[in-house]
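The following note sets out points on domain layout and helix packing for a colleague's consideration. Please read each point alongside the structure shown here.

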Amino acid sequence: GGWLLLQNCHLGLEFLNELMDTITTKESVNEDFRTWITTEAHPEFPINLLQSSIKFTNEPPQGVKAGLKRTYSAVTQDLLGASKMPQWKPLLYAVAFLHTTVQERRKFGPLGWNIPYEFNQADFSASVQFLQNHLNDVGIRQGVNWSCVRYMLGEVQYGGRVTDDLDKALLNTYARVWFGEHMFSEKFCFYKGYIIPKGNRVEDYLQYIEQLPVTDTPEVFGLHPNADITYQTNLANETFSTIVSIQPKDSSTRGGETREAVVQRLADEMLEKLPPDYKPHEVKAQLQKMGAFQPINIFLRQEIDRMQLVISRVRTTLTDLKLAIDGTIIMSEELQDALDNIYDSRIPKLWFRISWESSTLGFWFTELLERNQQFSSWLQDGRPNQFWMTGFFNPQGFLTAMRQETTRMNLAKGWELDNVVLCSEVTKMMKEDVVGPPPADIGGVYIHGLFLEGAGWDRRNSKLIESAPKVRIE
């Protein structure tokens, strides 16, 4: 009748099958017996054990209200009165608000943080302990050393996890704007309606937190309101993707055609359109004609090698998949994944690992043909007048190669690669207007394929504008 707790079971998946057999084959089990299992989500977790269990999840709170409520639920009255300095209680609340903010920004993806960071309760506890020690050291006369506080929060306590320069600048901006003598004024607020409450009891702060809105505008975190559109879109896509992934994978019919027949037909169509393999000796000969050791031609060779890898992988997967559907070879786990994803118009994992992101398999395959067309035309007809930059595997490598070539062309002028910086100019030309490379005295390259998210471009005045014109409806 006791309880058994098994922790971190994702580290011992083999034992779980033994556990399942032990529980299911036991002739008599006490009604009070329970087995508790803690685990991270794992794709190889035994599905029969998962289905027969009652699942509990511990998700981080959503929104400023939920985040602050969770934080202050763990704050004791002793902690609230840990320092006699008047700055202590406002600082404690400000750190709690900062802690909630850095966690909430993660849901916006790259708009929130360039790199996702696992901020947790330990960061908050360490920051609170630092502030408590600092206030005890400085005393009322000396006052708070704000430079020290901002540095510790932005560079050490929370900043210690941050590796991206722009993310570090964001954290330091929060520290600079929210932490200072100005935070004690009556006009201070984190955002309109989000102030530092006053009180001597934990209940006072919890009562104020209960008054906060359940749903927060992205502006609370310093983001544009449109960031919420991106978040909701990504959330909906993830939900639909999950729903599709758990659909039955049997040979059900769609318009009289089985799953296998549909995939086999799609495989035949893709194999028919798939470009031929690049022949190494022909590639080498063409590059020798263009100058094999020129930086941009070296870049082209690297791109062709990666494109050849994608073409080979696609051809091999589709060929093996057809054989597996016919029963000639065994349907492996990777081929099963390819069958399921092709049927659902998604990119198979085998292809996605070595290629690029795309919303559907159709768009992905079309881009494969277009990318290959750029490389094959470049190889056969010579360097193009303009480049589809978003069609490269390594766009940054292309810009580096261009800088190297431009530097070599201007060695007589004393140019050095380390001192050469990129300068971008948005021209008023369309793709069709480009009939030659940039003038030799200017150098550089023409590129196209870049796009703006959440904005448009005014060609006439050469400036950013709203993505859609204002419309009046009568």
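1. In this predicted model, the protein chain is divided into domain 1 (3–52), domain 2 (64–226) and domain 3 (259–466). Taken over C-alpha atoms, the centres of domain 1 and domain 3 are separated by 47 Å.

2. Two UniProt annotations, both from an unreviewed entry, may be set beside this division. Residues 1–57 are covered by the UniProt annotation "domain: Dynein heavy chain region D6 P-loop". Over residues 1–57 the chain is 32% helix and 14% strand, and the end C-alpha atoms of that span are 25 Å apart.

3. For residues 88–227, UniProt lists "domain: Dynein heavy chain AAA lid", again in an unreviewed entry. The span 88–227 is 54% helix and 0% strand, and its end C-alpha atoms lie 34 Å apart.

4. Helix H3 (residues 64–73) packs with helix H5 (residues 88–104) at an angle of about 130 degrees, the axes being 9 Å apart. H3 and H5 are therefore oblique to each other, and H3 passes H5 in a right-handed crossing. On the H3 side the contact involves Val64, Gly67, Leu68, Thr71 and Tyr72; these meet Lys89, Leu92, Tyr93, Ala96, Phe97, His99 and Thr100 in H5. By class, the residues of the contact of H3 with H5 divide into 7 nonpolar, 4 polar and 1 charged.

5. How do the axes of H13 and H16 cross? Helix H13 (residues 295–326) and helix H16 (residues 361–381) have axes that come within 10 Å and cross at roughly 140 degrees. That angle makes H13 oblique to H16, since only angles over 145 degrees count as roughly antiparallel. The crossing of H13 and H16 is left-handed.

6. The contact of H13 with H16 can be listed by residue. From H13 come Ile296, Asn297, Phe299, Leu300, Glu303, Ile304, Met307, Val310, Ile311 and Val314. They meet Trp364, Leu368, Arg371, Asn372, Phe375, Trp378 and Leu379 in H16. The residues of this contact divide into 13 nonpolar, 2 polar and 2 charged.

7. H16 also packs with helix H12 (residues 280–290), at an angle of about 60 degrees and with the axes 8 Å apart. H12 is therefore oblique to H16. Val283, Gln286, Leu287 and Met290 of H12 make the contact with Trp378, Leu379 and Gln380 of H16. The contact of H12 with H16 has 5 nonpolar, 2 polar and no charged residues.

8. A final remark concerns the residues of H16 that recur in these lists. Trp378 and Leu379 of H16 take part in the contact with H13, and Trp378 and Leu379 also take part in the contact with H12.

Key: Residues are numbered from 1 along each chain as its sequence is written. This is a predicted model: local features need pLDDT of at least 70, side-chain atom pairs count only at pLDDT 80 or more; totals for chains, interfaces and linings use all residues. Side-chain values use heavy atoms; hydrogens and water are left out. Axes are lines fitted to C-alpha atoms, for helices over the stretch in contact, and angles run from 0 to 180 degrees between N-to-C directions. Helices (H or I, at least four residues) and strands (E, at least two) are DSSP runs, numbered from the N terminus. Angles under 35 degrees count as roughly parallel, over 145 as roughly antiparallel, 65 to 115 as roughly perpendicular and the rest as oblique. A crossing is left-handed if the near helix is turned anticlockwise from the far one by less than a right angle, and right-handed if clockwise. Contact means heavy atoms within 4.5 Å. Ala, Val, Leu, Ile, Met, Phe, Trp, Tyr, Cys and Pro count as nonpolar, Asp, Glu, Lys and Arg as charged, and the others, Gly among them, as polar. UniProt positions are given in the numbering used here, feature names are shortened, and annotations may be inferred rather than shown by experiment. Domain bounds come from an automatic or database domain assignment.
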